[in-house]
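Visitor: Please take me on a close look at just one part of this model, and tell me how it fits in with the rest. I'm new to this, so go step by step.

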Amino acid sequence: MPGREVLPSTLRRSPDKAQRTWEKTHDSAVQTYGEGERAHRAAFAAVKHSFEKVGDHWEPKGRKGPSDRQAAGGGPARRAPTAGGVDANATKDHLMQVAKKLDVPGRSRMTKPELVKAIEKANDRATRKARGD
């Protein structure tokens, strides 16, 4: 199934570049692995390299690169927790800006790992709200 037809709702609300990245990677992965979860994971991995999830959509990152330990290590044998689209490798200042944009309460007293978790939760809430869940 072409990537445009199965484009996740968070990407439909995102910049065209993020959508094109997901679609091209998804379509290529479908040819290699077949339709399904593996193609979707590959497509999201490509998006996470240049974009980060902020609320119910994806925004360009300040720098390209892996977004968390799992993305940096790669491979199915090295399972580590992911940050759900949050750029966990970003500076604490950047995470504070994202948390402020998402109106995360208590952000000024949070450590970097706490900010990542709080942003991830805020993103999930915003996505559920946008989907009407």
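**The hairpin and its ring neighbours**

Guide: Let's start with the two strands: strand 1 (residues 51-54) and strand 2 (residues 57-60) run antiparallel to each other and pair over four bridges. Keep in mind that this is a predicted model. Two residues sit between the strands of this hairpin, and Gly55 has a positive phi there, near 70°. Now look across from one strand to the other: Lys53 in strand 1 has Trp58 of strand 2 standing opposite. A handy rule for reading any such piece is that side chains in a regular strand alternate between the two faces of the sheet.

Where does the hairpin belong in the whole chain? Reading along the sequence, you meet α-α-α-β-β-α-α-α, which adds up to six helices and two strands. The chain has 133 residues, and 36% of them are buried.

Hold on to Trp58, as that residue leads us to some aromatic rings. Trp58 counts as buried because its relative accessibility is 3%, and the cut-off for buried is under 20%. Ring pairs join Trp58 into a cluster with Trp22 and Phe44.

How many aromatic pairs are there? The count comes to two. One of them is Trp22 with Phe44, an edge-to-face pair with 6.1 Å from centre to centre and 70° between the planes. This pair links distant parts of the chain: Trp22 belongs to helix 2 (residues 16-33) and Phe44 to helix 3 (residues 37-50), 22 residues apart.

Are these two residues buried or exposed? Trp22 has a relative accessible area of 0%, so Trp22 is buried. Phe44 comes out at 23% relative accessibility, so Phe44 counts as partly exposed.

Phe44 also brings us back to the hairpin. The ring centres of Phe44 and Trp58 lie 6.1 Å apart, and the pair is called tilted because the planes meet at 35°. Since Phe44 is in helix 3 and Trp58 is in strand 2, this pair ties together parts 14 residues apart in sequence.

So here's the picture to keep, with the hairpin tied in through a ring: Trp58 stands opposite Lys53, and the rings of Trp58, Phe44 and Trp22 are linked into a cluster. For a wider view of links along the chain, take contacts with a separation of 6 or more: 42% of them are between residues 24 or more positions apart.

Technical notes
Residues numbered from 1 in each chain as written. Predicted model: local features only at pLDDT ≥ 70, side-chain atom pairs only at ≥ 80, totals over all residues. Heavy atoms only, no water. Buried < 20%, exposed > 50% of the residue type's maximum accessible area, 1.4 Å probe, protein only. Contact = heavy atoms within 4.5 Å. Pairing = 2+ DSSP bridges. Phe/Tyr/Trp six-rings, centres within 6.5 Å; stacked < 30°, edge-to-face > 60°.
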